[in-house]
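I open these notes to keep a record of what I looked up in this complex, entry by entry.

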Amino acid sequence: MNGNGPHDEFLDDLNRHRAMLVKIAAAYARTADREDLVQEIAVQAWRAYPRFERRSKFSTWLYRIAMNVAISYQRRDERTRRRVVTADEPALERIAGTSEETADERLAQIYELIEALDPLDRALVLLYLDDRPYAEIAAILGITETNAGTRIGRIKERLKRDAAHTA
Amino acid sequence: MTPPTLHKKLENAMDIDSIKQVWAESDPRLAANLRFNAAALQAWHMRASGDALKRLVRELIVELAVNVLGVGLIGYFASQHVGEMKFLLPAIALDVYAVALVIAGARQLADARAIRYDAPVVEIQRKLEMLHVRRVRSILGTLLFAPLMWVPLLIVGARGFFGLDAYAAGIPWLAANAAFGVAVIPLAVWVARRYGPQSSAAPWMRELADTIAGRTLAEARDALAVIEGFAGYSSSTGSPDGGR
């Protein structure tokens, strides 16, 4: 990279969306691995940038890369942990940040909720929380708008049921 | 202050729409300590360890090269022993095995190279999981068939590398080895299923046991089913219900 034209444009766009990468990494990686995951997402985006033809928004394109890299990371990590961790070992570190790591305890609660979801539902909720329209959510995930709306509705209901069960 | 219990957290947080504002307000804080630059991206790019897919592609290329070399060497051996069925038949059996490995490896390599992270998420996660299923199936097949190839490998290897005739050890001895090779397969599967999940085993042993017992393949298939269920994939068309 020599910092000319398109690369400057890429860096500007990437930096405008850096909070998005941090949030996605926090939702899918253990605390110690988040920085590595952010780096991996950034590098994959940089490698894919020459193919980006701006038929979609940069955010849509970047969300796809970030979600794919993060979900792939989490699946690999889960497979490894299944071989390493046993019932006798202490409970694994939670993926969600602790209140010591986030200034906002409410944000930590959000991550705790997200942690309970499977990777694709997690992606759906992250996009919904980022206030993406259903059409963009559908385009990022590769599902229909109807499917996206139905799934978000189901997740909300599930959360209400879980709250009622444990009350 | 005692942290609220989980159900209280869920109660407070269950209104997802109400937490969107909290979520949005966290952006400036999260972005404050991070800024990408060209030098950092270049440095990260050079670090080979970060990219699992690239590692898999390299692994597949090496495996493919070794198996292609094997096919070639065994094929050459077979051509040199066309008139000797006792060497030709084992060589053909080995070559069929090696060709099967080449085909499986080439398919996995093509799948891996087709992965583009900028494609829709469900499509890529489905491809990745299908690749994982194929890889596990291939490894399982290799492990389970390997004992059957022991005697052909002994015959061809002894003759090809050392000029020795393994049949000189006696047919009963060879037959016993072949029978052992057949028997070890169900035995390995039984041991893997019975003792595999033991916590005292090393991670690599547990992984091997899980593969032989079929647990890894079952897990991969389950994960693929979840992905396909998310998108509402039709089992007959292989595409999402409602199309895109």
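**Entry 1: a salt-bridge network in chain A**

I began with charged side chains and found A:Glu9, A:Asp13, A:Arg16 and A:Arg54 linked in a network of salt bridges. I note at once that this is a predicted model, for which the predictor reports an ipTM of 0.85 and a pTM of 0.83.

I then looked at A:Arg54 on its own, and located this residue in the loop between α3 and α4 (58–84) of chain A. Its phi is near 60°, a positive value in a residue other than glycine, and its relative accessibility of 38% makes it partly exposed.

**Entry 2: other salt bridges**

I counted 22 salt bridges over all chains. One of them joins the side chains of B:Glu129 and A:Arg75, at 3.8 Å from N to O, and this pair crosses between chains, with B:Glu129 in helix α7 (residues 121–162) of chain B and A:Arg75 in helix α4 of chain A. I checked the accessibility of the two partners and recorded B:Glu129 and A:Arg75 as both buried.

Within chain B, I noted a salt bridge between the side chains of B:Asp111 and B:Arg134, with an N to O distance of 2.3 Å. Because B:Asp111 lies in helix α6 of chain B and B:Arg134 in helix α7 of chain B, this pair ties together parts that are 23 residues apart in sequence. B:Asp111 is partly exposed, at 21% relative accessibility.

I also listed the salt bridge of B:Lys127 with B:Glu123, at 3.6 Å from N to O, where the partners are separated by about one helical turn because they sit 4 residues apart in helix α7 of chain B. Both ends of this bridge count as partly exposed, B:Lys127 at 32% relative accessibility and B:Glu123 at 24%.

**Entry 3: B:Gln108**

Is B:Gln108 buried or exposed? I found this residue buried, at a relative accessible area of 2%, and placed it in helix α6 (residues 85–113) of chain B. When I left aside its neighbours within four places in sequence, the contacts of B:Gln108 were B:Leu60, B:Leu131, B:Arg134, B:Arg135 and B:Ser138.

**Entry 4: buried helices of chain A**

I next went through helices of chain A, starting with α3 (residues 34–48), whose 15 residues reach 21 Å from the first C-alpha to the last, close to the 21 Å expected at 1.5 Å a residue. Since 12 of the 15 residues of α3(A) are buried, I describe this helix as largely enclosed by the rest of the structure; the buried ones include A:Arg34, A:Gln39, A:Glu40, A:Gln44 and A:Trp46.

For helix α5 (residues 105–115) of chain A I wrote down that 8 of the 11 residues are buried, so this helix too is largely enclosed by the rest of the structure. Among its buried residues are A:Gln109, A:Tyr111 and A:Glu112.

How many residues of helix α6 (residues 119–129) of chain A are buried? I counted 11 of its 11 residues, among them A:Asp121, A:Arg122 and A:Tyr128. At the start of α6(A), I found a side-chain oxygen of A:Asp118 within 3.0 Å of the backbone nitrogen of A:Leu120.

After α6(A) comes A:Asp131, with a positive phi near 65°. I placed A:Asp131 in the loop between α6 and α7 (134–141) of chain A, and its relative accessibility of 55% puts it in the exposed class.

**Entry 5: chain B as a whole, and confidence**

I recorded 10 helices and 0 strands for chain B. Of its 244 residues, 40% are buried, and among its contacts with a separation of 6 or more, 64% are between residues 24 or more positions apart. The accessible surface of chain B comes to about 13500 Å², with 66% belonging to carbon and sulfur atoms.

The mean pLDDT of chain B is 84, and 85% of its residues reach 70 or more. Among the elements of this chain, α6(B) has the highest mean pLDDT, at 95, while helix α1 (residues 6–13) has the lowest, at 49. I add that the pLDDT is below 50 over residues 1–7 of chain B, a stretch with 7 contacts in the model beyond near neighbours in sequence.

Definitions and conventions. Residues numbered from 1 in each chain as written. Chains lettered and ligands numbered in written order. Predicted model: local features only at pLDDT ≥ 70, side-chain atom pairs only at ≥ 80, totals over all residues. Heavy atoms only, no water. Helix = DSSP H or I, 4+ residues; strand = E, 2+ residues; numbered from the N terminus. Buried < 20%, exposed > 50% of the residue type's maximum accessible area, 1.4 Å probe, protein only. Contact = heavy atoms within 4.5 Å. pLDDT = per-residue confidence, 0-100. Areas by Shrake-Rupley, 256 points an atom, 1.4 Å probe, with all protein chains shown as cover. Expected span 1.5 Å × (residues − 1). Polar contact = N/O pair within 3.5 Å; in protein donor to acceptor, adjacent residues only side chain to side chain. Salt bridge = Lys/Arg side-chain N within 4 Å of Asp/Glu carboxyl O.
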